[in-house]
Amino acid sequence: MIPPINVDKMVEFLVGLLNTPSPTGDTDRAIAYVQQAFADLPFATQISPKGILTGTWTGARHDAPRALTAHVDTLGAMVKEVKENGRLRLTQLGGWSWTSVEGEGVTIFTANGHTYRGTILPTSASVYAHTREERNATRTDANTEVRIDARTATQQETRDLGIQVGDIVAFDPRVELSDAGFIRSRHLDDKACVATIYAALLALAEAGLQPSQTTTTHISNYEEVGHGAATGFPADLVDLLTVDMAVVAPRQESDEYSVTICAKDSAGPYHLGFRRELEALAEAHSLSYKTDIYPYYASDGEAYWQAGGNVRVGLIGPGVDASHHYERTHRDALKQTAQLIVAYLLS
Ligand SMILES: [Zn+2]
């Protein structure tokens, strides 16, 4: 029997996390948010020099220690250049397409602690000033800029605001919950999965249970650039269960109502024995699950493998539509994922 998942509390935690900006390279606020929430759980947490949050819950047994990982860092941008017109040219943090952020509101974090609001626009945004050809040009960093909500029309005026090359730019998540149970937001990758881990651990704690094996929870902060979970685990680890979004798109098996168990992504297959155990657990507990393959995807579990991790790596997660764009999932997918995590922890 899987103890009940508090879905409302999971979604409340998720909304707070989504509204805490954390582009890769500027994740301290989100890590602090998670650490505060994890204070409800029966184990202590630590933050590593890299900024990873970990905590180890002693299990009934210690002969095959386990870890769960998910990441709080998200896509974002950095100021590459203060332009002659006072606007900002961006460089990307993580892999996204320029069209996916067009028209998005942003917050710019300056070195002096001030924040400014702005909008990402193509340089040819104005319909009344540009030809159809100019307006339909392929988007690149060169023809996309940030219009700052401040009185500036020159490079010097923007510098006088305290905005510099290297400042972090966060995209507005635009979180919206629908009565039908959908959660629409940027950065559900991978904050939705941090929420499923939180809900799973809370369900265990509130039921007075403990994991069957000693289990380390690892919240990483550089996944979107490939090396988030390359480090930070106990040396005697046997299993690493990575919790990250599943790909909902044409020709994919995943959907927004199920947990997906990933068989293979662009970095290769996951550990087959571990995957078969996860599928058997999902079957045994009558969970709604899919097995899927993601063609252009790599996970933090594989980052640990590539760094030399000698463990079984698996990947599960809720289906998320329109990954790295304006994403969407559903409460049901989060619940199924949290339930599979609990089933695994108790197995
Ligand atoms: Zn992710």
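Let me start with what surrounds Ser-254: setting aside neighbours within four places in sequence, Ser-254 is in contact with Ala-246, Val-247, Val-248, Thr-260, Lys-290, Asp-292 and Tyr-294, where contact means heavy atoms within 4.5 Å. Before I go on, this is a predicted model, in which local features need pLDDT of at least 70 and side-chain atom pairs count only at pLDDT 80 or more, whereas totals for chains, interfaces and linings use all residues. Residues are numbered from 1 along each chain as its sequence is written, and side-chain values use heavy atoms, with hydrogens and water left out.

Ser-254 sits in the loop between β14 (246-248) and β15 (259-265); the helices (H or I, at least four residues) and strands (E, at least two) are DSSP runs, numbered from the N terminus. With a relative accessible area of 6%, Ser-254 is buried, and in these terms buried is under 20% relative accessible area, exposed over 50% and partly exposed in between, using a 1.4 Å probe and protein chains only. The side chain of Ser-254 makes a polar contact of 2.9 Å with the side chain of Thr-260, and another, of 2.7 Å, with the side chain of Asp-292. A polar contact here is a pair of N or O atoms within 3.5 Å; within protein, one must be able to donate a hydrogen and the other to accept it, and residues adjacent in sequence count only if both atoms are side-chain atoms.

Now to the zinc ion. Its protein donors are His-71 (NE2), Asp-189 (OD), Asp-244 (OD) and Asp-244 (OD), lying 1.9 to 2.5 Å from the ion, with donors taken as N, O and S atoms within 2.8 Å of the metal (3.2 Å for Na, K and Ca); water is not among the atoms, so sites may look incomplete. Asp-189 belongs to helix α5 (residues 188-206) and Asp-244 to the loop between β13 (239-243) and β14, so this pair ties together parts that are 55 residues apart in sequence. Both Asp-189 and Asp-244 are buried.

Turning to a second loop, Thr-24 lies between α1 (7-18) and α2 (28-38) and, at 5% relative accessibility, counts as buried. Its side chain makes a polar contact of 2.8 Å with the side chain of Asp-73, and among the residues in contact with Thr-24 beyond four places in sequence are Leu-93, Asn-221 and Tyr-222.

That leads to Asn-221, in the loop between β12 (213-220) and β13, which is also buried, with a relative accessible area of 2%. What does the side chain of Asn-221 meet through polar contacts? One polar contact, of 3.4 Å, joins it to the side chain of Thr-27, while the backbone oxygen of Lys-50 lies 2.9 Å from a polar atom of the Asn-221 side chain. The C-alpha atoms of Asn-221 and Thr-69 are separated by 11 Å, although these residues are 152 residues apart along the chain.

Asp-28, by contrast, is found in helix α2 and counts as exposed at 59% relative accessibility. From Asp-28 to Ile-47 the distance is 9.6 Å, C-alpha to C-alpha, across 19 residues in sequence.
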